[in-house]
Amino acid sequence: MHLSRNLYKISNKFKINPVHNTRVISASTEASATKFEQIIEIPKRIHRSPTDILYALAATVGRDPTAAHYKYHDDPYLIPTSNITKRTYAMAQEAGRKAAKWIKEEHRDLFKHQEAEPHIKAFAPKLIFTENSEPELQTLEELIQLFEVKDAVFVYNLMKKKGIEISSETKQNLLELVSFYNNEEPLSEDFYEERSFRQSNETRERNHKTWKDGDLAEQLFHEIEPKTEKAYAALIRGMAKYFQAERAYALLQEAVEKHFPMDTTTFNSVLSVVNFLKDTADLRWELCKDLLHQMNQLQLKPDLGTLNALLECISSFGNFKLARQSALQVLSEFKRLGVTPNLGSYYYLLIIFCRERGPVSHVIVDILNELGQQEFKIQHPKDTYFFATAMDVCRNHLHDRSLAQKVDKLLHTGKNYDLIGNTYQETIYYRHYFALLSQTSTIDEFMQTYDLLVPNVYIPEPGIMEEILKMVEMNAAIDLLPRLWSDVVIFDHVNRENLLLRILKIMINNKPDIKERNQKQLPQQFAKIALDIYNKVEESKRLSFTGEMLGDIICLLIRGENFEKATEVFNHTDKNQHRIPGTPPEHCLKEYIETCITKKVPSEALVCLQYAIENQMDATSLAKRIYKGFTLNEVHLSKIKSLLGEDYFKE
């Protein structure tokens, strides 16, 4: 009531007159006879989705590279620090969702309550159909709309068995469903991690025919009478998707001969499998042109799918010259038609022009100039392959850091990071990026990127860690070794023998200068790393000691003033010399004997001398150093005589 009175007063005070798309507001007061007018333009309504406000808020914050991915629990013990634990934790969380779904289905009697209004079907157990069920046409249509392939097929067969009439429209819808999924139950959208990790297996199987010949899809196609262009299109697309290329092409030609108005998408599906129909590049290109000619006769306008299907076929050409010429011809023609390439198109161009054994191409420079700093939306499944492939080209084809940084800048423009693909593709992208930076950047520049992205965004694989260690060795940045060793342990790379040997060699060949402040503690830290390596190898079932490795560990322990552990390692070397391949370098034995002299333990020095003689090493210089460095008693002298003979003292 109070609001209506106020509105009445406002309407008397202000006069609002609509003028086209504006409102003119005039106001007057008793104190002054002056009038003023204000024009308010009413903007057109902008449609907003329910999540737009969340996207707006997220844009003000941005991504925090120092935080783990949101799918992991924000707990120090549950944040993964290696690629194995990343996968394990993600799959464990998904296993929990699977367990919850199983409980919901197995104990459906516990979920009969419906507290939500309106009812949420996803929270309710699925209906169970048996041979005694009384299905209806509406039930089958609902199952088709919910993409329940297994139940839809069962209900369809049950309805046929019971003689229930099924409309042609419903059969068409079921044909489309079965053709799209190849009569297999699709993985639930809730299990996106499993779908992501399945991709590697699908990649290996992508060149094999997986279409189920003579299955329900083909039966439905034969049952639909009269035949329609939709029935032909559904079956052709399904066959092409699962690489039954020959029959898909034959069906397309049959439909065209019968004058069915086939659509562009159906032609695109056949174009994408031309490389399965013909063996040579020339024949494939001729078949592509024949299909395009048929589209022209049917007055079908090519679209982005047509462009990408042609480029996919061209990327399989072994003849580089023909592939490049055909790709440029296709791009020029589609530009004239007003079709704009997307990231998937540029992905195929990179494959065509930047081949491993082909001439060097700088096509990526033109692509990046064309793309600028645009923000993209996914339009094609191959859009998610562009960034990883572009970074691969920057690293292996051109070895150009500036181009790699342009690619990375484009990736982080707007929402483009959503197009990096799944976890596997993201790992490939950063693998190439880190490898290139480690070879072309200064150590300080590289460590800035390393600090930003490791370990929450990217965990370097053993090969990349070796590249980083090479960079450290080249720049003599030995102060970084303690931190990198810690990362090697955390990333679970301690079973990689090449990494352990490289770390030991860097520490041996780059003796710290204790006069410098940042290297004062390095000898002790190196000794600790060497002892860690010794313990890790001793505990491991995959690794084994070598004489050179043990010699390096002994030297580092001596330099770190840990003579007790050095003696323990040497005694292990001496006792197991018949099982350890190789021997410690002579300079390591000399350092050990010098430390024995300093510590005044001649018995340990004589054990070292005996080891050198037994392994046919030059023991003369070692014996002289022992003889001069110690005041030997009769027992020690007799030991030397037994090792070197009486003639040694005469000399």
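**Figure 1. A salt bridge between Glu-194 and Lys-98 in the predicted model.** The side chains of Glu-194 and Lys-98 meet in a salt bridge, with an N to O distance of 2.5 Å, in a structure that is a predicted model. The two partners come from distant parts of the chain, 96 residues apart, with Glu-194 in helix H7 (residues 192-205) and Lys-98 in helix H3 (residues 83-106). Glu-194 is buried, at a relative accessible area of 13%, whereas Lys-98 has a relative accessibility of 36% and therefore counts as partly exposed. The structure as a whole holds 30 salt bridges.

**Figure 2. The salt bridge of Arg-247 with Asp-213, and the network around the pair.** Between the side chains of Arg-247 and Asp-213 there is a salt bridge with an N to O distance of 3.3 Å. Arg-247 belongs to helix H10 (residues 245-257) and Asp-213 to the loop between H7 and helix H8 (216-223), so that the pair ties together parts that are 34 residues apart in sequence. Arg-247 is partly exposed, with 32% relative accessibility, and Asp-213 is likewise classed as partly exposed, with a relative accessible area of 42%.

**Figure 3. The salt bridge between Glu-461 and Arg-431.** The side chains of Glu-461 and Arg-431 form a salt bridge at 3.1 Å, taken from N to O. Glu-461 is located in the loop between helix H20 (443-453) and helix H21 (462-474), while Arg-431 is part of helix H19 (residues 423-440), so this salt bridge ties together parts that are 30 residues apart in sequence. Glu-461 is counted as buried because its relative accessibility is 13%, and the limit for that class is under 20%; Arg-431, with a relative accessible area of 28%, is partly exposed. Elsewhere in the structure, salt bridges with shared partners join Lys-209, Asp-213, Glu-218 and Arg-247 into one network, and the Arg-247 and Asp-213 pair shown in the preceding view belongs to that network.

**Figure 4. A nonpolar surface patch that includes Leu-57.** Ile-53, Leu-54 and Leu-57 make up a nonpolar patch on the surface, and together they have about 320 Å² of accessible area. Leu-57 is a residue of helix H2 (residues 52-61). At a relative accessible area of 51%, Leu-57 is exposed, because that class begins at values over 50%.

**Figure 5. Helix H11 and the helices that cover its buried residues.** Helix H11 (residues 264-271) is mostly covered, in that seven of its eight residues are buried. The buried residues in H11 are Thr-264, Thr-266, Phe-267, Asn-268, Ser-269, Val-270 and Leu-271. Their cover includes helix H9 (229-241), H10, helix H12 (281-297) and helix H13 (304-314).

**Figure 6. The surroundings of Phe-320 in helix H14.** Phe-320 lies in helix H14, which spans residues 320-336, and with a relative accessibility of 14% Phe-320 counts as buried. When residues up to four places away in sequence are left aside, Phe-320 touches Ile-352, Phe-353, Arg-355 and Pro-359. Lys-406, by comparison, is separated from Phe-320 by 86 residues in sequence and by 27 Å in space, C-alpha to C-alpha.

**Figure 7. The second largest pocket and its lining.** The second largest pocket holds about 500 Å³ of space. Its lining consists of 20 residues, of which Leu-331, Lys-335, Pro-341, Tyr-346 and Glu-370 are the closest to the centre of the pocket. At least two lining residues come from each of H14, helix H15 (343-353) and helix H16 (363-371), and H16 contributes the largest share of this lining, with five residues.

**Figure 8. The largest cavity and the residues that line it.** Three cavities of 30 Å³ or more are found in the structure, and the largest cavity contains about 40 Å³ of space. The lining of this largest cavity is formed by Glu-586, Leu-589, Lys-590, Ala-612, Met-617, Asp-618, Ser-621 and Leu-622. Helix H27 (586-599) and helix H29 (620-629) are the elements that give two or more residues to the lining of the largest cavity, and the largest share, three residues, is that of H27.

Notes:
Residues are numbered from 1 along each chain as its sequence is written. This is a predicted model: local features need pLDDT of at least 70, side-chain atom pairs count only at pLDDT 80 or more; totals for chains, interfaces and linings use all residues. Side-chain values use heavy atoms; hydrogens and water are left out. A salt bridge is a side-chain nitrogen of Lys or Arg within 4 Å of a carboxyl oxygen of Asp or Glu. Helices (H or I, at least four residues) and strands (E, at least two) are DSSP runs, numbered from the N terminus. Buried means under 20% relative accessible area, exposed over 50%, partly exposed in between (1.4 Å probe, protein chains only). Patches are made of residues with over 30% relative accessible area and no salt bridge: like charges are joined within 9 Å, nonpolar side chains (Val, Leu, Ile, Met, Phe, Trp, Tyr) within 5 Å. Accessible areas come from the Shrake-Rupley method with a 1.4 Å probe; for residues, only the protein chains shown count as cover. Contact means heavy atoms within 4.5 Å. On a 1 Å grid over the protein atoms alone, a cavity is a set of points where a 1.4 Å probe fits but cannot get out, and a pocket is an open set with protein on both sides within 12 Å along at least five of seven lines; lining residues have an atom within 4 Å of a point. Grid points are joined across faces, edges and corners, and a volume is the space filled by probe spheres set on the points.
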